[in-house]
Amino acid sequence: MSHHLFHTPMDVPATISQIIIAIRVPRVVLAFLIGASLALAGVAFQGLLKNVLADPYTIGVSSGAAVGAVLVFFFQLHLSFLGRFTLPIVSIMCALVTLLFVLLFARLAERNMGIETIVLIGIIMNAFFGSVISLMVALSGEELRQVISWLMGSVAMRGWSYVSLFVPFFIIGSLGLFTHIRELNAFSFGERTAANIGVHVLRKKLWILLSASLLTGAAVAVSGTIGFVGLVIPHMTRLICGANHRKLLPLSFLYGGTFLVLADVVARTIVAPRELPIGVITSFIGAPLFAILLFKSLRRKT
């Protein structure tokens with residue numbers, strides 16, 4: 001008996017440290033990486049489209065990625081040649097197709113592709129994809145009920161396996177953007193100026209869009225739809241450090257990651273012991289800010 005009592009205090013810290021290493025640490029790491037990814041994608045979309053209203057959520061790319069992920073769940077897709085990467089790759093492909101469709105549609109509607117046109121088409125896409133997801137949820141059995149909570153965005157109960165799934169896409173997408181800082185700076189002065197200083201406009205534009213969609217699609221695949229991070233963080237960072245992407249990209253990376261870690265702490269503690277989806281917290285902060293930015297942008301036009 002004394003032997004048992006002697007060992008109990010040693011066992012408890014071991015269990016706590018296992019919980020920290022297996023559950024808490026990957027959750028914080030994943031939240032940071034996803035926040036950083038969405039912020040970087042937001043910077044890229046805003047830099048290319050030359051407007052602070054653009055982000056993966058508002059132009060429909062996140063919703064496209066979400067449809068891809070829900071299709072994987074719904075049809076229990078498992079492509080043998082992709083293995084465990086089936087989910088993020090299908091999400092990324094849907095994000096890319098959505099982005100191309102939005103830009104093509106905007107081009108057909110208005111030759112100069114005004115940002116309000118792109119945002120409006122993004123809203124239409126969000127509504128359409130929302131109904132597609134609702135349809136799949138309605139047709140599904142019990143297993144897809146969990147998708148509802150996934151769609152609201154969460155990093156809860158995602159272990160190291162999710163981190164290792166996400167990291168390859170994160171590295172490729174981040175490098176894709178960090179190696180195009182000069183081009184992003186050039187694009188912020190317009191495509192003609194960029195072409196004049198020797199930027200291969202179409203090729204570089206595609207690389208940047210591909211990298212941003214890669215980050216968005218992979219983030220949505222592992223955490224669900226987390227809105228407004230890509231809108232709020234680049235905007236706030238721009239107010240702090242200016243529009244030079246040499247500072248804007250790395251600082252958005254840091255602030256985006258930190259913001260989502262803090263949002264996750266709030267989501268976990270505000271109605272403890274229950275948890276709110278992290279997407280609810282980011283939307284509460286992001287939606288009013290988006291409304292203010294849209295209002296200012298429209299006022300500037302009149």
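Begin with the largest nonpolar core of this predicted model. The core has 78 residues, and those with the most contacts inside it are Ile34, Phe45 and Phe166. Select these three residues together and display their side chains. Next, colour helix H1, residues 2-49, which gives the most to this core, with 14 residues.

**Ile34 and its surroundings**

Centre the view on Ile34. Setting aside neighbours within four places in sequence, Ile34 is in contact with Val155, Phe166, Ala219, Val222, Ser223, Ile226 and Leu260. One of these partners, Phe166, is also among the residues with the most contacts inside the core.

A second selection shows another core, which lies apart from the largest one and has eight residues. Leu53, Phe228, Phe290 and Leu293 are among them.

**The annotated spans**

Now select the segments that the unreviewed UniProt entry annotates as "transmembrane region": residues 28-45, 57-75, 87-106, 118-139, 160-181, 206-236, 248-270 and 276-295. Two of these segments may be examined in turn. In residues 28-45, the span is 100% helix and 0% strand, and its end C-alpha atoms lie 26 Å apart. In residues 206-236, the end C-alpha atoms lie 26 Å apart as well; here the span is 84% helix and 0% strand.

**Helices H2 and H9**

Select helix H2, residues 61-74, together with helix H9, residues 201-223. The two pack with their axes 9 Å apart, at an angle of about 50 degrees, which makes H2 oblique to H9. Their crossing is right-handed. To see the contact itself, show Val61, Ser62, Ala65 and Ala66 on the H2 side, and Thr216, Gly217 and Val220 on the H9 side.

Remain on H9 and move to Ser223, which is found in this helix. Is Ser223 buried or exposed? Its relative accessibility is 1%, so Ser223 counts as buried. Beyond the residues within four places in sequence, Ser223 is in contact with Ile34, Trp150, Gly153, Ser154, Val155 and Arg158. Ile34, where the tour paused earlier, thus appears again as a partner of Ser223.

**Helices H10 and H11**

Add helix H10, residues 229-241, and helix H11, residues 245-269. These helices pack at an angle of about 130 degrees, and their axes are 9 Å apart; H10 and H11 are therefore oblique to each other. The crossing of this pair is right-handed. From H10, display Val229, Ile233, Pro234, Thr237, Arg238, Ile240 and Cys241. From H11, display the residues they meet: Lys247, Leu248, Leu251, Ser252, Tyr255, Gly256, Phe259 and Leu260.

Within H11, focus on Ser252. This residue is buried, with a relative accessible area of 0%. Which residues are in contact with Ser252, leaving aside its neighbours within four places in sequence? They are Ala39, Val43, Ile233, Pro234, Thr237 and Gly257. Ile233, Pro234 and Thr237 belong to the H10 side of the packing just displayed.

**Ile59, between H1 and H2**

Move to the loop between H1 and H2, where Ile59 is found. With 1% relative accessibility, Ile59 counts as buried. Not counting residues up to four places away in sequence, Ile59 touches Phe45, Leu49, Ala54, Leu99, Val102, Ile118 and Gly122. Phe45 has already appeared as one of the residues with the most contacts inside the largest core. Then add Leu120, which is 61 residues from Ile59 in sequence, while the C-alpha atoms of the two are 7.9 Å apart in space.

**Backbone features in the loops**

The last stops concern the backbone. Most residues other than glycine have a negative phi, and most peptide bonds are trans.

Select Gln76, in the loop between H2 and helix H3 (86-109). Gln76 is not a glycine, yet its phi is positive, at about 50 degrees. At 60% relative accessibility, Gln76 counts as exposed.

Proceed to Phe228, in the loop between H9 and H10. Its phi is also positive, near 75 degrees, in a residue other than glycine. Phe228 counts as buried, at 9% relative accessibility, and was listed above in the core of eight residues.

Finish at Pro273, in the loop between H11 and helix H12 (278-301). What joins Ala272 and Pro273? The link is a cis peptide bond, with omega about 10 degrees.

Notes. Residues are numbered from 1 along each chain as its sequence is written. This is a predicted model: local features need pLDDT of at least 70, side-chain atom pairs count only at pLDDT 80 or more; totals for chains, interfaces and linings use all residues. Side-chain values use heavy atoms; hydrogens and water are left out. UniProt positions are given in the numbering used here, feature names are shortened, and annotations may be inferred rather than shown by experiment. Helices (H or I, at least four residues) and strands (E, at least two) are DSSP runs, numbered from the N terminus. A nonpolar core is a set of buried Ala, Val, Leu, Ile, Met, Phe, Trp, Tyr and Cys residues joined through side-chain atoms within 4.5 Å. Buried means under 20% relative accessible area, exposed over 50%, partly exposed in between (1.4 Å probe, protein chains only). Contact means heavy atoms within 4.5 Å. Axes are lines fitted to C-alpha atoms, for helices over the stretch in contact, and angles run from 0 to 180 degrees between N-to-C directions. Angles under 35 degrees count as roughly parallel, over 145 as roughly antiparallel, 65 to 115 as roughly perpendicular and the rest as oblique. A crossing is left-handed if the near helix is turned anticlockwise from the far one by less than a right angle, and right-handed if clockwise.
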